[in-house]
Amino acid sequence: THKRRRLKMADTLLLSIDEWYRNNQYQKCFDELSLLVAAHPDDPQLLYRFARAHFDLAMEFQDDFNYEEDKIRNGFTYAQKALDLDQTDGSIQKWYAIMLGCLVLPLFVFNHKHRQEITLN
């Protein structure tokens, strides 16, 4: 009974977090998920949502490169851990791919631009 009540409470929290996400309340999602992930560090559903919250905040503050990079790198670690724990969930796979792309794409763009500059010079 206690375990069932705890699961129902977790489902309610996830529904609230998903609702905040749909309403673009990214900081609220991030703050709540930081507490939940600290209490439940091996819950892949919380971890991928926390990665997503990192991404959303990074996109809101694109003018601050260091902040954006920090959020993407940290978010990727949560997405990677979520995928390690559950490789079958499509949402986890999606957010792992998004976070990985955010890390790899800037390197590709930099290398491509650098190659063009070398060719032009």
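Biologist: Setting aside residues up to four places away in sequence, which residues does Asp86 touch?
Modeller: This is a predicted model, so read every contact as a property of the prediction. Asp86 sits in the loop between helix H4 (65-85) and H5. Once residues up to four places away in sequence are left out, the residues Asp86 touches are Pro44 and Ile92.

Biologist: Asp86 has no salt bridge, then which side chain of opposite charge is nearest?
Modeller: Asp86 is buried, and no salt bridge goes with it. A salt bridge needs nitrogen and carboxyl oxygen within 4 Å. The nearest side chain of opposite charge is 9.6 Å from Asp86, and it belongs to Arg49.

Biologist: And which side chain makes a polar contact with the side chain of Asp86?
Modeller: There are two things to look at around this carboxylate. The backbone nitrogen of Asp89 lies 3.4 Å from a polar atom of the Asp86 side chain. For a side-chain partner, look at the polar contact of 2.7 Å, which Asp86 makes with Thr88.

Biologist: Arg49 came up there; with which residue does Arg49 form a salt bridge?
Modeller: Arg49 is buried, at a relative accessible area of 7%. In its salt bridge, the closest N and O atoms are 2.8 Å apart. The partner is Asp18.

Biologist: How many residues apart are Asp18 and Arg49?
Modeller: Take the salt bridge between Asp18 and Arg49. It links distant parts of the chain, with Asp18 in helix H1 and Arg49 in helix H3 (residues 44-60). Their separation in residues is 31.

Biologist: Is Asp18 buried or exposed?
Modeller: The cut-off for buried is under 20% relative accessible area. Asp18 has a relative accessible area of 14%, so it counts as buried.

Biologist: Which residue forms a salt bridge with Lys81?
Modeller: The closest N and O atoms of that pair are 3.1 Å apart. The carboxylate in question belongs to Asp42.

Biologist: How far apart in sequence are the parts that Lys81 and Asp42 tie together?
Modeller: Lys81 is in helix H4 and Asp42 in the loop between H2 and H3. Lys81 is partly exposed at 32%, whereas Asp42 is exposed at 52%. The pair ties together parts whose separation in sequence, in residues, is 39.

Biologist: By about how many helical turns are Glu69 and Arg73 separated?
Modeller: Their side chains meet in a salt bridge, 3.2 Å from N to O. Glu69 is partly exposed at 30%, and Arg73 is partly exposed too, at 47%. Because they are 4 residues apart in helix H4, the separation in helical turns is about one.

Biologist: Which residues do salt bridges with shared partners join into one network?
Modeller: The structure holds 5 salt bridges. Among them is the one between Asp18 and Arg49. Shared partners give one network, made of Asp18, Arg49 and Arg52.

Biologist: How many disulfides does a search of the whole structure find?
Modeller: Two cysteines are worth a look first. Cys29 is buried, at 4% relative accessibility, whereas Cys102 is partly exposed at 23%. The number of disulfides found in the whole structure is 0.

Biologist: What is the distance between the C-alpha atoms of Gly101 and Phe76?
Modeller: Gly101 lies in helix H5 (residues 90-120). With 30% relative accessibility, Gly101 counts as partly exposed. Gly101 and Phe76 are 25 residues apart along the chain, and the distance between their C-alpha atoms is 9.7 Å.

Biologist: If I were checking backbone torsions, near what value is phi of Asn24?
Modeller: Asn24 is found in the loop between helix H1 (2-22) and helix H2 (26-39). Its phi is positive, in a residue other than glycine, and lies near 60 degrees.

Biologist: What pattern does the protein chain follow along the sequence?
Modeller: The chain has 5 helices and 0 strands. Read along the sequence, the pattern is α-α-α-α-α.

Biologist: What share of the exposed area do carbon and sulfur atoms supply?
Modeller: Buried residues make up 31% of the 121 residues. The protein chain exposes about 8,300 Å², and the share from carbon and sulfur atoms is 56%.

Conventions: Residues are numbered from 1 along each chain as its sequence is written. This is a predicted model: local features need pLDDT of at least 70, side-chain atom pairs count only at pLDDT 80 or more; totals for chains, interfaces and linings use all residues. Side-chain values use heavy atoms; hydrogens and water are left out. Helices (H or I, at least four residues) and strands (E, at least two) are DSSP runs, numbered from the N terminus. Buried means under 20% relative accessible area, exposed over 50%, partly exposed in between (1.4 Å probe, protein chains only). Lys and Arg count as positive and Asp and Glu as negative; His and the chain ends are not counted. A polar contact is a pair of N or O atoms within 3.5 Å; within protein, one must be able to donate a hydrogen and the other to accept it, and residues adjacent in sequence count only if both atoms are side-chain atoms. Contact means heavy atoms within 4.5 Å. Accessible areas come from the Shrake-Rupley method with a 1.4 Å probe; for residues, only the protein chains shown count as cover. A disulfide is a pair of cysteine sulfur atoms within 2.5 Å.
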